[in-house]
Amino acid sequence: MYADRIKSLPPYLFAAIDKAKLEAMARGVDVIDLGVGDPDLATPPHIIEALCEAAKDTDNHQYPSYEGKLSFRTAVADWYTETFGVRVDPESDVLALIGSKEGVAHAPMAFLNPGDPALVPDPAYPVYKTAVLFAGGVPVTLPLKSENRFLPDLDSIPADQARKARLAILGYPNNPTGACADLAFFRELVEFAQDYDIILMHDNPYSEVYFGKDRPPSILQVDGAREVAVEFHSLSKTYNMTGWRVGSVVGNPEIVEGIGKVKSNIDSGIFGAVQDAGKVALRSPESGKFVAQMRETYQRRIKRLYDGLTKLGLKVDKPEATFYLWAWIGGDSGEFAQKLIRRLGIVATPGVGFGKYGEGYVRFSVTQPTERIEMAVARIEKMVAEEGG
Ligand SMILES: *Cc1c(COP(=O)(O)O)cnc(C)c1O
C-alpha cells in the first residue's frame, strides 16, 4: 500500500519501550517519563494574554499570508539583531514556520533532485534524515563522536563527496547530545560550505536553553554565513510554546525564498493570532525574566539528575545547553531503556533511535516537574543502596 518513501523510513524503534511503559503502568507503577523533550513549564501568562486579545481581531480569522506577517517577521529580525548582533532584513531574510520541524522537513524539497546527496549528522534529530529521504535525496552520514565533542569532523569528508553534496542539515546546541558548537567551528563550517557550494541549514531551537555565562552562537554571526546558510529558530523551547507551532527560518534570501516556494504549495501560514502573540513573546521585556527562570530550573534539575545517573555508574557530561543528558551506558541502549522501566519505572530514550552512532547512549530529558526528577533520583539511589548493601 505504501510508497517507497514511507517504506524507506527507519523502523519505529520505540515500540518495545512503549510496551514496557504500558506494562509498568498496568502493574501500578508511577512511571516517570524522561523520554520526551517537551517542556512541562507553562507558556508565560503575558504571551497567553496576547493570544486571547489577538484572537478577537477579525483580521486574524482569515487565511494568513503564507510568508508570515511582516510585523512577526520584523520581531524575529529585531530579536536576531538584539540577541546575536546580526543584521537581518525582515522582508527577504525571514520566513515564518509552523514550528521549526515543519521548516526543516520541507526545506530539502526545494533544493534536492532525486539522488542528490545531503550531509546529515548521526546521532541526530530524526527529521533531518527523513526530510532528505522524502525529498528523494541520499543522506550521507556525518558521525558525531564524543572524542570530537560531538562535532562532525569536516576534514574527514572526502572532497569528491563534499563536492557532490547539495546541502547539510545540523544543529547546535545539539539534540540529543547536549553539545555546543563555538564560533570557530561555525566559521569552519561556513568555509566548508563555501568551498564546496553546499547549502547550510542550521537548526537552532535551543539557543536560549544554556547554562554558561555566554549564549551559544548563531551560525549567522559568522561573516559570510548569509551567502550560504539559513538558521531555523523556534519559540517552542524558548518560551514553552511547543503546542503553539510557531518558528522561523532566517538567513540567505534565496534559500529562504526556496523554502517559501515549497510551503506556499503546502500550507497556508500560521494563525495570525499566534503570530501576534509570538511577536509579544519576542519583544516583551517580561519574556526575558521567564527565560532566565527557565534556565535556572533546568540547570537545577540537570544537576540533580546528573548526580543520580553518576551514582548509577553512567558516564555523563553535564550539558552546557539543552535539557538533555546524554549518558554513555556502553551497551544495547534499547535493552538498557527497557530494564530502566522495569526496574525503576523511569523512561529514557535509547540512543540508537537517533542513529547508529547513538548506540551505547541513552538520552534523559529534564522536562518533568522538579519533584518528579527528585523522585527518579531517589529510586536510583535506593536501588544502588540495596544492591551495594
Ligand atoms: C524540538 C526540536 C525542534 C522542533 O521544534 P518546533 O519548533 O516545535 O517544531 C527542532 N529541532 C530540534 C533539534 C528539536 O529538538
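**Group meeting: D122 and the contact between two domains**

Let me start with a pair of atoms: a polar atom in the side chain of D122 lies 3.1 Å from the backbone nitrogen of K356, where a polar contact is taken as a pair of N or O atoms within 3.5 Å, with the condition that within protein one must be able to donate a hydrogen and the other to accept it, and that residues adjacent in sequence count only if both atoms are side-chain atoms. Before going on, I should say that this is a predicted model, in which local features need pLDDT of at least 70 and side-chain atom pairs count only at pLDDT 80 or more, while totals for chains, interfaces and linings use all residues. Residues are numbered from 1 along each chain as its sequence is written, and side-chain values use heavy atoms, with hydrogens and water left out.

The side chain of D122 also reaches the backbone nitrogen of Y357, at 3.0 Å. D122 itself belongs to strand β3, residues 117-122, with strands defined as DSSP E runs of at least two residues and helices as H or I runs of at least four, numbered from the N terminus. Is D122 buried or exposed? D122 counts as buried because its relative accessibility is 9%, given that buried means under 20% relative accessible area, exposed over 50%, and partly exposed in between, with a 1.4 Å probe and protein chains only.

Leaving aside residues up to four places away in sequence, D122 touches T141, L142, P143, L144, F354, G355, K356, Y357 and G358, contact meaning heavy atoms within 4.5 Å. For L142, the C-alpha to C-alpha distance from D122 is 5.9 Å, at a separation of 20 residues in sequence.

Now to the backbone. Most residues other than glycine have a negative phi, and most peptide bonds are trans. The bond from D122 to P123, however, is cis, with omega near 5°, and P123 sits in the loop between β3 and α6 (127-134). A cis bond also joins N175 and P176, with omega about 15°, and P176 is placed in the loop between β5 (167-170) and α8 (183-196). As for positive phi, D197 has a value near 55° and T322 a value near 75°. D197, in the loop between α8 and β6 (199-203), counts as exposed because its relative accessibility is 61%, whereas T322, in the loop between β9 (315-316) and β10, is buried, with a relative accessible area of 0%.

Finally, the domains. The assignment, whose bounds come from an automatic or database source, gives domain 1 (4-42 + 288-386) and domain 2 (45-286). Their contact takes 34 residues from domain 1 and 39 residues from domain 2, and the centres, taken over C-alpha atoms, are 26 Å apart. About 3000 Å² is buried between domain 1 and domain 2, with carbon and sulfur atoms giving 63%; this is the accessible area (1.4 Å probe) that two parts lose on being put together, summed over both.

How many salt bridges are counted between domain 1 and domain 2? The count is one, a salt bridge being a side-chain nitrogen of Lys or Arg within 4 Å of a carboxyl oxygen of Asp or Glu. Across the interface of domain 1 and domain 2, 14 residue pairs are in polar contact, both residues at pLDDT 80 or more. On the side of domain 1 that touches domain 2, α12 gives the most, with nine residues.
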